[in-house]
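Welcome! Take a moment to look over the sequence and the 3D view, and then we can walk through a metal site and a pocket together.

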Amino acid sequence: MLRLKHVTDPRWADLVEKDLEEVLTDHAYCEQKAASTAISLIVKFPEFPELVQEMSALAQEEMEHFSRVHEIIMKRGFKLGQERKDEYVNELLGFLKKGNSKAGQLVEKLLFAAMIEARSCERFRVLSEHIEDSELALFYKELMASEAGHHTMFLKLARKFGIPAGIDVDARWNEFLEFEAGMIENYEQRARIHG
Ligand SMILES: [Fe+2]
Ligand SMILES: [Fe+2]
């Protein structure tokens, strides 16, 4: 369903399991950034009521995820550290086309979000299948399903707003998949959600 062109090496899960405090801090901020992105889409594109409704619900769900990751951090006696620099997200941001029409800008941002949700979902699947910590394996299995739903919603919205504006959304989505597959191999050497 995700159509990702590169599959994460399961050995990445070993790195994660060796440094849970680091990955949980990184994960918490991934959830916060997902909520922030949803809010920024509302602020930039208030003229699309369906988008505003979906992003409003999403921001709340992502903050709920943040809160649950934070509870795990506290329960295990860890500390939420400072936000980690997310080089994966920054590199992907550089792929977005600039100077587009309003609909074009929206489609770029929706596909960008769909991409991050897809990779998060895949990474959560790897964790759910390969880490030995049973509480976390179950937690990641649940989040995997949730992020898969977000991925599908972002793609659906990109098609809904892009196709009437004459944008070949699926061709652009393929470009995202190709680009991401080329860069993600460099991002599985550390205890971070996106590497
Ligand atoms: Fe989430
Ligand atoms: Fe999400």
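Along the sequence, the residues that donate to the iron ion (ligand 1) follow the spacing E-x30-E-x2-H-x81-E. Of these donors, His 65 sits in helix α3 (residues 49-75) and Glu 147 in helix α6 (residues 134-162), so this pair ties together parts that are 82 residues apart in sequence. Please keep in mind that this is a predicted model.

Which atoms hold the iron ion (ligand 1)? Its coordination comes from Glu 31 (OE), Glu 62 (OE), His 65 (ND1) and Glu 147 (OE), at 2.0 to 2.2 Å. The angles among the 4 donor atoms run from 88 to 142°, and the site is irregular. A neighbour is found here too: the iron ion (ligand 2) is 3.5 Å from the iron ion (ligand 1), with Glu 62 coordinating both.

Are His 65 and Glu 147 buried or exposed? The table gives the values.

| Residue | Relative accessible area | Class |
|---|---|---|
| His 65 | 4% | buried |
| Glu 147 | 2% | buried |

Both fall under the 20% cut-off for buried residues.

Now for the open space. The largest pocket holds about 500 Å³. It is lined by 27 residues, and those closest to its centre are Lys 33, Ala 34, Thr 37, Phe 112 and Ile 116. Two or more lining residues come from each of α2 (20-44), α3, α4 (87-93), α5 (102-130) and α6. Helix α2 gives the largest share, 10 residues. By type, the lining is made up of 13 nonpolar, 6 polar and 8 charged residues.

Notes
Residues numbered from 1 in each chain as written. Chains lettered and ligands numbered in written order. Predicted model: local features only at pLDDT ≥ 70, side-chain atom pairs only at ≥ 80, totals over all residues. Heavy atoms only, no water. Donors = N, O, S within 2.8 Å, 3.2 Å for Na, K, Ca; no water. Tetrahedral: all angles 85-135°; square planar, octahedral: opposite > 155°, others 65-115°. Helix = DSSP H or I, 4+ residues; strand = E, 2+ residues; numbered from the N terminus. Buried < 20%, exposed > 50% of the residue type's maximum accessible area, 1.4 Å probe, protein only. 1 Å grid on protein atoms, 1.4 Å probe; cavity = no way out; pocket = protein on both sides within 12 Å on 5 of 7 lines; lining within 4 Å. Points joined across faces, edges and corners; volume = space filled by probe spheres on them. Nonpolar A, V, L, I, M, F, W, Y, C, P; charged D, E, K, R; others polar.
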